[in-house]
Amino acid sequence: MQQGTLMRKVKSKSWKKQRYFKLQEDCMTIWYQSKRTGKTESAFSISDVETVREGHQSEVLQSLAEEFPAERCFTIVFYGRRGNLDLIAGSAEETQCWIQGLRQLVESHSTRKRSPLTFPSPFCLSTPRSFSLASVLGLLTWIRDWFQKADKNKDGRMNFKEVQRLLKMMNVDMNEDHAMRLFQAADKSESGTLEGEEFVLFYKALTQREEVLSLFQDFSEDGKKLTLLELVDFLQQEQLEGEGTEELAMELIDKYEPSETAKARHVLSADGFLMYLCSPEGSIFNPRHRALWQDMSQPLCHYFISSSHNTYLIEDQIRGQSSIEGYIRALKRGCRCLEVDCWDGPNGEPLVYHGHTFTSKIPFREVVSTLGKYAFQQGSFAKRTPGSGHFTQRKGCPCRGSILPCRGAEAPGPGTPGPCAGPPPSPTPQELKHKILLKGKKIGRLEDTLDGPADEAPELSDEDNGAEAEEEKRRAKVGDAERVSALQKDRESLAQALSDCVIYCKSVSFQGFQEARAHSRPSEISSFSEAKARKLIRESGNEFVRHNAWQLSRIYPSGMRTDSSNYNPQEMWNAGCQIVALNFQTAGTEMDLNDGLFSQNGRCGYVLKPPFMRHEGTPFNPSDPSTWESYGPATLTIQVISGQQLPKVANSKDEAVIDPLVRVEIHGVPADQAHQETKYIENNGFNPRWDETLQFQLRVPELALVRFVVEDYDKTSRNDFVGQFTLPFANIKPGYRHIHLLSKDGTNIPPSSLFVHIRITE
C-alpha cells in the first residue's frame, strides 16, 4: 500500500478537502493530515473498520458522480455509529491500492479475532513453556495499541514507569510492589526494560486465570493435563453435553490443543483447556442455535420478524439525516422489514424522508437500488429469506421491473386461490426465498385509493403524530372540481403500479378482533401504535395472541418519540406480535433485546414463535398468570465468577480504572421481569473476581431473554455502561461458559468477557 497518499476527503458536494493519508508502521493505524497546514487531523485503527466500499456507494459520492469517476472513489465504513469516510484518490491505480490494501488488513485482523489463539489470556504453569509464533502474534494483537500508547519514547522497550502507565490504560490498578515483582521476573536480560519475548512473559503472568486453572486441576489427576477420559467426565458432569461426548472431546483436543505432542497423545493441556472455554464451543450461546436451526416452512405469522421504523433516518425524527446508510446498517443487522416513506419530488421522482419535518431527503430510486444490493447479503439463510417493505406512498412505483427485477412476490398462479377464489394462501419463508414483499393498500374502490396509503392514519392518538391526517385534510380542499378530478385520476393511475405489487401484506385498518375474525384474511396486516397495542394487551390479551396466530401485526413507535427513542419490544412479543418496528439508529436496552432475540437461527431475521403462540385456540394471555401453568417453569442459577479485560468507560482519562459490577436482567412476561446484581469490585477492570450466585424463577421461559450488563459503579451518579450481552433463554448452554461482551452499538469488544457457571432446573 502506498503511504502518504494525497486524496480528497469529502463530506458534501461542496466540502472537499485534500488530505495526506498514511499507514503507520504497525500496519494497524492510519492517520491523515491537512495538505495546507501539515497538521495531523485524526487517526483510526484497522480494528475500527467494518468494510471498504468501492465506487459511488454513498450519497455524497453519488452526488459527485459526474465530477469524479467511480474508479477513483471509495468509502471506509466503520463499526457502530461512527460516520463513514468518503475519499477520492488521484487515480484509479491509487484507489485500487488503498482498497485492496485496506481489505487485506481488515481481513487479517478479523482472522486473528476469530482465531481461538487470540481469545485467551494464557496463564503460566509452574514450569517454563515455549510459545508458538502464532500465540505470540495473537496475544500482541490485542495489546499492540496499548503498548504503543504507553511506550512514550518509542524505542520499542518498556521500562517500569511505562509498564505502570500501561497497566492503568488497560484498566489495572495493581499494587506497585506486585507489579515490580512481575516486571523483574519477566526481565530475563536484567536490563531494566522489557522487549519482545520478555514482554510476552510479563503479559502471560499478568493474565493468569486462577479460577480456570483451579477448575482444570479439579478434573486433572496430575494437574498438568486432561486425559481423554478426564475431559469426557468434565463435558458430561459440568457442561452437560449429551450423546457423542467422546467424539466431541476428540474434536476439542484436535481443534484447541496448541501442542502437537499433546494432540498425538489425545490429551488437553491447561492452555488448550482455556482456549476451549473461550471458543464458540465454550460460549454461553448454544453454537447449534447460531446456525439456521428452526423450521422455516410455517406461515409468516408464526415468526417474529426483525423490523425497523423509519429506516432511512440515522438520527432524530425532526431534523435528522435521511441516508441510505440507514437501510444498509439495518440489513446488515439482520433486519427483514424496512420502512420507506415516499413523497412527491421534483421532475416526477419521489423522495424518501419523514414528512412534515426538517429531515433531509434521499431519492426513492437510490433507496430501492440499495435494497437490491444489500437485501439478501446478511447471514446464510438471510441471503434467501424474504424481505418486507412498509411503504407510505405519495407517488407511483417507478422501481418496478427496472431496479428490482424478479424480486417481488408473485400473485398465486393458476389452480391456487386468488382474489376471486378466496384469500391467497399464507406463504412461508421457505417458499418466499429471494422475494421482497410490499406492505401497502390494495386498490379496490376509488375512494379506498383516495383515503391515502398510510394505514396508520386512522389509528393516531393524542401521543402520536397527526401530521399525516392534517395532510389528507389539506389535500381534500384543493380548488376547483376540474383539478380534483384530475388529481383523482392521476393518483388512481400512479397507485395502481404499487397496488399490483402488494400480494401477501395488504394493509387493512383494525376494527376489532371480532370484525377481523369475520372479514379479514391471513394475507392482510394491520398496524398498531405502541399505545394501541398496549391497550389491547391489557384489555384483550388472549384475543390479541389468537389474532397473531393467523394474521400479521405491525407495531410502530409513538409519534412523540421525536428523539428516535424506542419502546420495550418484549411486551409486544409477549402478545405474539410479529413485526415490532424499532428505531435501529438508537442504542439502548430495547435494541439489545432485539439483537439478542434475532442473534439466533442464522441471524436470518426470522424466529419461530413458541408452539403455544401458533395455535388459534391458545388460552395463553401474557397479562393473566393463570394461563401460564402448562408452559414448563424453570429455575436459572448463574454463578458470576470473573471478568477479563473489560473496556474502559468511553471518554475516560488514561489513569481512570473502573469499579465493575454485573447485573443480570430477565425480560419476559410480567411475572418473570427481574434483575439482580453483584457487588462492585474496586479499581479492577482487567481481571475482577466476583464469585457470586444469582437465581431466577421463570414462569414462561420460552419467551424470556437474559441480558448480562457490566457497569462502572458510581456512588454519586448513574453507573456508566461498560458492555452487555443478550440472548434468549432457550439458547443458553449450561456449564462453565464465557460471555463475550458487546458495546453499546452491538459490536464485539474483544477480548472482554465474563466467566460464569450456569445451571437450569425444571
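**Exercise 1. Find which residue just after helix α13 takes a positive phi, and describe the helix that precedes it.**

Solution. Just after α13, glycine 334 takes a positive phi of about 90°. Helices here are DSSP runs of H or I with at least four residues, strands are runs of E with at least two, and both are numbered from the N terminus. The model is a predicted one, in which local features need pLDDT of at least 70 and side-chain atom pairs count only at pLDDT 80 or more, while totals for chains, interfaces and linings use all residues. Residues are numbered from 1 along each chain as its sequence is written, and side-chain values use heavy atoms, with hydrogens and water left out.

Turn next to the helix itself, α13, which spans residues 324-332 and is mostly covered, with seven of its nine residues buried. Buried means under 20% relative accessible area, exposed means over 50%, and partly exposed lies in between, with a 1.4 Å probe and protein chains only. The buried residues of α13 are Ile324, Glu325, Gly326, Tyr327, Ile328, Ala330 and Leu331. These residues pack against several elements, among them β5 (49-54), α1 (59-63), β13 (337-343) and α14 (364-374); contact here means heavy atoms within 4.5 Å.

Finally, look at the start of α13, where a side-chain oxygen of serine 323 reaches to within 2.9 Å of the backbone nitrogen of glutamate 325.

**Exercise 2. Work out how α5 and α6 are placed relative to each other, and which residues make their contact.**

Solution. Begin with the annotation: for "domain: EF-hand", an unreviewed UniProt entry lists residues 138-173 and 174-209. UniProt positions are given in the numbering used here, feature names are shortened, and annotations may be inferred rather than shown by experiment. Over residues 174-209 the chain is 58% helix and 6% strand, and the end C-alpha atoms are 16 Å apart.

Then compare the axes, which are lines fitted to C-alpha atoms, for helices over the stretch in contact, with angles running from 0 to 180 degrees between N-to-C directions. The axes of α5 (residues 176-186) and α6 (residues 197-206) come within 8 Å and cross at roughly 140°. The two helices α5 and α6 are therefore oblique to each other, given that angles under 35 degrees count as roughly parallel, over 145 as roughly antiparallel, 65 to 115 as roughly perpendicular and the rest as oblique. On the α5 side the contact is made by Ala179, Leu182, Phe183 and Ala186, and on the α6 side by Glu198, Leu201, Phe202, Ala205 and Leu206.

As a last step, consider how far α6 is covered: eight of its ten residues are buried, and these include Phe199, Val200 and Tyr203.

**Exercise 3. Describe the crossing of α8 and α9, and then say whether leucine 240 is buried, partly exposed or exposed.**

Solution. Helix α8 (residues 228-237) and helix α9 (residues 245-256) have axes that come within 9 Å and cross at roughly 115°. That angle makes α8 roughly perpendicular to α9. The contact involves, among others, Leu228, Leu231 and Val232 of α8, together with Leu248, Ala249 and Ile253 of α9.

Now move to the loop between α8 and α9, where leucine 240 has its place. Its phi is near 55°, a positive value in a residue other than glycine. With a relative accessibility of 42%, leucine 240 counts as partly exposed.

**Exercise 4. Set asparagine 601 beside proline 670, and find for each its loop and its exposure.**

Solution. Asparagine 601 is found in the loop between α21 (589-597) and β22 (606-608). Although it is not a glycine, asparagine 601 has a positive phi of about 55°, and with a relative accessible area of 0% it is buried.

Proline 670, by contrast, is exposed, with a relative accessible area of 53%, and is found in the loop between β24 (660-667) and β25 (674-677). Leaving aside its neighbours within four places in sequence, proline 670 is in contact with Asn574, Pro622 and Trp628. The C-alpha atoms of proline 670 and glutamate 571 are separated by 8.2 Å, although these residues are 99 residues apart along the chain.

**Exercise 5. State how many helices and strands the protein has, and how much of it is buried.**

Solution. The protein has 21 helices and 30 strands. Of its 762 residues, 53% are buried.

Key:
A polar contact is a pair of N or O atoms within 3.5 Å; within protein, one must be able to donate a hydrogen and the other to accept it, and residues adjacent in sequence count only if both atoms are side-chain atoms.
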